[in-house]
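Let's take a look around a protein chain together. Have the sequence and the 3D view ready, and follow along as you read.

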Amino acid sequence: MTFPSAHPSLAAALARRGYEQPTPVQAAVLADDARDHDLLVSAQTGSGKTVAFGLALAPGLLGDAARFGAAGAPLALIVTPTRELALQVHRELTWLYADSGARIATCVGGMDPRREQYTLRGGVHIVVGTPGRLCDHLDRGALALGGLKAVVLDEADEMLDMGFREDLERLLEASPKERRTLLFSATIPKDIANLAKRYQNHAQRIATSSEHERHGDIEYQAIAIIPRERDLAVVNLLRFHDVAGALVFCATRDGVTHLAANLNERGFAVAAMSGELSQRERNQALGALRDGRARVCVATDVAARGLDLPDLGLVIHADLPQNRQVLVHRSGRTGRAGKHGVAIVLVPDPARRYAERMFASAHVQVAWVPPPSADDIRARDQLRLVAEIGALTGDLAEEDRAVARSLLATRNAEDLVAALVHFRREARPAPEELTVPRSMQARAPQGPSTRAFGARSGRTEDERGGRDFGERVARAEHAERHERGERPERGERPERGERRDGADRVPGSWFTVNVGRYKRADPKWLIPLLCRRGEITKRDIGTIQILARETRVEISPSVAARFAEAVRRPDPKDPNIHIEPLDGPT
């Protein structure tokens, strides 16, 4: 199948780019029964959706004309969650509309707003931007939406997760009611469905792949680890797979900083991405990743949104995803455009049952495998070194051969090659020795399976005993710091029997909140937030310990499981506040 429904002005651009057949999402939006309708499309990142909505918009914007007329107020508005994605969309539409005379403008944070205002007032046909910057231009009168024929919300679920609901509603309400609205989202949760119902007119639902199927080009693996060996496991995974590009996810900014520093120290070329970076620092990190100076990106979920990294063959979930949607979003960064990718989830041994339930709810087939050992890595290094050094002989100059002859006159050939092998081997980071977790000792690794992952087999003694997980982790960490000669921060260790009112009682379960003294954490507003997010009462809250960058909270054991389930759900009121069990979900 070719592109029979593509507008003639865009068909030539598709041919120049070598497009011969549409992807499933492109074919769906070009179908006759989708023409001129509002669309609610679920499609994964990398499925060709930018070209899809570019093709879908053309008939309504150009009509029967081959080229656009004089530019004035924009005819189409495309809203994306991040600056990087907006710039990527702009690049795609620029070549796609090259023969149509379209003027396409971007309005994103980090750029000069005065230059954007000048461009908008000079007339444009299509505007691509982020919600906040678009609303700023709307407030200043530089952006006029009265002439819009179409609005596209790209990665709408991401925008809602990032707290842009009010901005999106404002842009949609300022647009003509008779416009065409195309909403693209990786998944269609309740919030997206409600947004579509409110702002779309009998939208046609398009699902190019089942939301219950994993991405066909992604291989999922789960690795049980000892919690304190997380960084060591990441080192071995990066060494074993040795891909051109890897993305490692952490739950917090501090986690990104800590892990990136550890990897840098071991010799990996790393770029760290977190919310605390300035736009200039973010651009520098992205530049290093795209030109190959950095091969590993360590990022939080928010910082990684909108990233389009080339040759990304590996995604590592160093910290467990908060839910199945986060699992799918993170993993979808690899295995794009028909390329094979690997997504590996590091699972702290006590959190194995939680991870199995998450995999089951996401309907992904996961292979539980042991982490690569140092011997595994050395064996793979040997194969790589043979291939790499063998490839070096392909293009040798005569002066190189002259040096070789001089060396061979005084040295054994095997010794010379061995020296080269040693030099190349020493340039690689050393592998780490890892402890085999109890659950992996109890049963052999399982292959891909669709069994009920929530099975209770293989539980550890601590899980069966029902002891306070947070207390065990805190005591272990305290012991490790004591062995290193470090003094714990005041109030850092949860003590058995301690409570805000001083009463003795059975110890509860410990949770962390990603705000501390540096962000003015205070029980006056933390307690109401915990009650609302966790669906509990004030009586269910025990000790509250406010540290420098986090707060630890003890929850009554009778409601701990319900609390953990409730706080995993996204919260539109406080999207940047995350609550989780002290050492990962249980």
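Below we start with the whole chain, then visit one helix and one proline.

## The whole chain

First, a heads-up: this is a predicted model. Its secondary structure comes to 23 helices and 18 strands. Of the chain's 586 residues, 49% count as buried.

Now for who touches whom. Take the contacts between residues with a separation of 6 or more: 77% of them involve residues 24 or more positions apart. As for the outside, the chain exposes about 28,200 Å², and carbon and sulfur atoms supply 50% of that.

## Helix H6 and its surroundings

Scroll to helix H6, which covers residues 131-139. Which of its residues are buried? They are Pro131, Arg133, Leu134, Cys135, His137 and Leu138. Here's a handy bit of background: an α-helix has 3.6 residues a turn, so residues three or four places apart point the same way.

What do the buried residues of H6 pack against? There are strands on the list, namely S2 (76-79), S3 (104-107) and S4 (126-129). There are helices too: H5 (113-121), H7 (156-161) and H8 (165-173). After H6 comes glycine 141, which has a positive phi, near 80°.

## Where H6 crosses H8

Let's zoom in on one of those partners. Two packed helices are described by the angle between their axes and the distance between the axes. For H6 and H8, the axes come within 9 Å and cross at roughly 45°. That angle falls between the under-35 range for roughly parallel and the 65 to 115 range for roughly perpendicular, so H6 is oblique to H8. The crossing is left-handed.

Who meets whom here? H6 brings Pro131, Gly132, Leu134, Cys135, Leu138 and Asp139, while H8 offers Asp167, Leu168, Arg170 and Leu171. Sort the residues of this contact by type and you get 6 nonpolar, 1 polar and 3 charged.

## Proline 429 in its loop

Next stop: proline 429, in the loop that links helix H18 (413-426) to helix H19 (438-442). Is proline 429 buried or exposed? Its relative accessible area is 11%, and the cut-off for buried is under 20%, so proline 429 counts as buried.

Which residues does proline 429 touch, leaving aside its neighbours within four places in sequence? Its contacts are Arg239, Arg266, Gly267 and Phe268. Try finding arginine 266 in the sequence: 163 residues separate it from proline 429, yet in space the two sit 5.7 Å apart, C-alpha to C-alpha.

Note on methods
Residues numbered from 1 in each chain as written. Predicted model: local features only at pLDDT ≥ 70, side-chain atom pairs only at ≥ 80, totals over all residues. Heavy atoms only, no water. Helix = DSSP H or I, 4+ residues; strand = E, 2+ residues; numbered from the N terminus. Buried < 20%, exposed > 50% of the residue type's maximum accessible area, 1.4 Å probe, protein only. Contact = heavy atoms within 4.5 Å. Axes fitted to C-alpha atoms, helices over the stretch in contact; angles between N-to-C directions. Parallel < 35°, antiparallel > 145°, perpendicular 65-115°, else oblique. Left-handed = near helix turned anticlockwise from the far one by under 90°. Nonpolar A, V, L, I, M, F, W, Y, C, P; charged D, E, K, R; others polar. Areas by Shrake-Rupley, 256 points an atom, 1.4 Å probe, with all protein chains shown as cover.
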